[in-house]
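Got your viewer open? Here is a short tour, one selection at a time.

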Amino acid sequence: MDGERRTVFITGASRGIGHATATYFVRRGWRAITCSREPVPPQCPRNERHAHITIDLADTERLPEAVARLEALLDGQPLHALVNNAGYSPKHPDGSRIGCLDGEMTLWERVFRINFFAPVYFSRACAPLLAKSRGAIVNITSIAGHRVHPFAGSAYSTSKAALTALTRELAADLAHLGIRVNAVCPGEINTAILSPGTEALVERIPLRRLGSPEEVASVIFYLCGEEASYITGAEIPVNGGQDVY
Ligand SMILES: NC(=O)c1ccc[n+]([C@@H]2O[C@H](COP(=O)([O-])OP(=O)(O)OC[C@H]3O[C@@H](n4cnc5c(N)ncnc54)[C@H](OP(=O)(O)O)[C@@H]3O)[C@@H](O)[C@H]2O)c1
């Protein structure tokens with residue numbers, strides 16, 4: 001792929017990890033096509049290397065529209081990577097977690113539409129494009145998909161566990177197309193998604209601090225590149241060492 005401009009499609013890039021990831025790729029010469037409900041923030045790179053699609057990923061019926069916009073923006077050029085990053089983690093008004101017995105079913109459905117069904121849809125829709133470039137998919141899962149978390153709710157955590165399983169299934173099913181599929185599994189990263197009180201968790205993190213969005217972006221970038229050419233079906237924790245206990 002040397003010499004060719006590479007393009008990444010990143011969901012949920014209006015802030016946080018997605019915004020940091022778009023910036024990370026663009027600074028390294030990639031073109032980024034992003035999507036979220038809000039436009040990209042002013043500090044996001046705004047030039048010919050960054051295009052944005054405005055869409056609510058919970059609106060499942062509009063997902064084909066987003067893919068049509070993506071294809072129009074690509075204009076026949078290859079797509080090299082898909083990053084399923086957008087995520088929704090609802091809490092009670094006081095910031096506490098919404099457990100299995102809480103929340104309307106419509107809330108559970110909204111969480112699964114954004115965190116799970118959008119990645120299913122985009123992975124399926126982008127597979128033919130990624131096959132042409134022997135590209136990569138990276139899903140952003142969560143530590144909450146692997147253990148009960150003090151703030152992350154049950155709908156969120158189960159949707160992320162499903163995304164971990166989807167990563168494995170996609171890796172198996174897309175390998176013959178030359179597409180690698182991996183996940184990055186953040187712990188506590190300093191973004192708007194965190195609940196008030198997260199600071200109290202820091203003393204349980206071996207590195208004794210929250211992670212930065214850029215520390216997640218660099219791992220996503222690695223998994224999309226040639227350096228990771230023999231890695232598929234993996235889930236890389238970015239959590240300051242929380243798995244050691
Ligand atoms: N921060 C952490 O500690 C942490 C830990 C584990 C996993 N994660 C995962 O990392 C990913 C990024 O999270 P973050 O921390 O960067 O959170 P964030 O700052 O809240 O950003 C979430 C992004 O998702 C987009 N999004 C949410 N709902 C959407 C919808 N209905 N349609 C389209 N886009 C939507 C948001 O854009 P709009 O609001 O503009 O639509 C925003 O760009 C998520 O999948 C999250 O679950 C984060």
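One cut-off before we start: a residue is buried if 20 or more other C-beta atoms lie within 10 Å of its own, exposed if 12 or fewer, and partly exposed in between, with C-beta atoms placed from the backbone. This is a predicted model, so local features need pLDDT of at least 70 and side-chain atom pairs count only at pLDDT 80 or more, while totals for chains, interfaces and linings use all residues. Residue numbers run from 1 along each chain as its sequence is written.

**Stop 1: the whole chain.** Show the cartoon. You should find five helices and seven strands; helices (H or I, at least four residues) and strands (E, at least two) are DSSP runs, numbered from the N terminus. Read along the sequence, the pattern is β-α-β-β-α-β-α-β-α-β-α-β. The radius of gyration, taken over C-alpha atoms, is 17 Å. The globule rule (2.2 Å times the number of residues to the power 0.38) gives 18 Å for 245 residues, so the chain is as compact as a globular protein of that length. Turn it around: the C-alpha trace spans about 50 × 40 × 40 Å along its principal axes. Of the 245 residues, 44% count as buried.

**Stop 2: the ligand.** Select what surrounds the ligand, where near means a C-beta atom, placed from the backbone, within 6 Å. You get 29 residues, and the closest are G12, G16, R37, E38 and G87. Color them by type: 14 are nonpolar, ten polar and five charged. In this scheme Ala, Val, Leu, Ile, Met, Phe, Trp, Tyr, Cys and Pro are nonpolar, Asp, Glu, Lys and Arg are charged, and the others, Gly among them, are polar. Which helix gives the most to this shell? That is α1 (residues 16-27), with three residues.

**Stop 3: helix α1.** Stay on α1 and put a ruler on it. Its end C-alpha atoms are 17 Å apart, which agrees with the 16 Å that its twelve residues should span at 1.5 Å a residue; the expected span is 1.5 Å times one less than the number of residues. Is α1 mostly enclosed or open? Ten of the twelve residues are buried, so α1 is largely enclosed by the rest of the structure. Select G16, I17, G18, H19, A20, T21, A22, T23, Y24 and F25 to see the buried ones. They pack against β1 (7-11), β2 (31-36), β3 (50-54), β4 (81-84), β5 (136-140) and α5 (213-224). Just after α1, look at G29, with a positive phi near 95°.

**Stop 4: the core.** Next, pick V8, V138, V184 and I220, which touch the most other members of the largest nonpolar core, a set of 61 residues. Such a core is made of buried Ala, Val, Leu, Ile, Met, Phe, Trp, Tyr and Cys residues joined through C-beta atoms within 7 Å. Helix α3 (residues 105-133) gives the most to this core, with ten residues. Zoom in on I220: leaving out residues up to four places away in sequence, I220 touches T21, V83, V138 and V184. Contact here means C-beta atoms, placed from the backbone, within 7 Å.

**Stop 5: the loops.** Go to R134, in the loop between α3 and β5. Phi of R134 is near 50°, a positive value in a residue other than glycine, and with 14 C-beta neighbours inside 10 Å R134 counts as partly exposed. R208, in the loop between β6 (180-186) and α5, also has a positive phi, near 60°. With 10 C-beta neighbours inside 10 Å, R208 counts as exposed. Finish at P150, between β5 and α4 (154-174). P150 and R97 are 53 residues apart in sequence, yet 7.0 Å apart in space, C-alpha to C-alpha.

Definitions and conventions: Contact = placed C-beta atoms within 7 Å.
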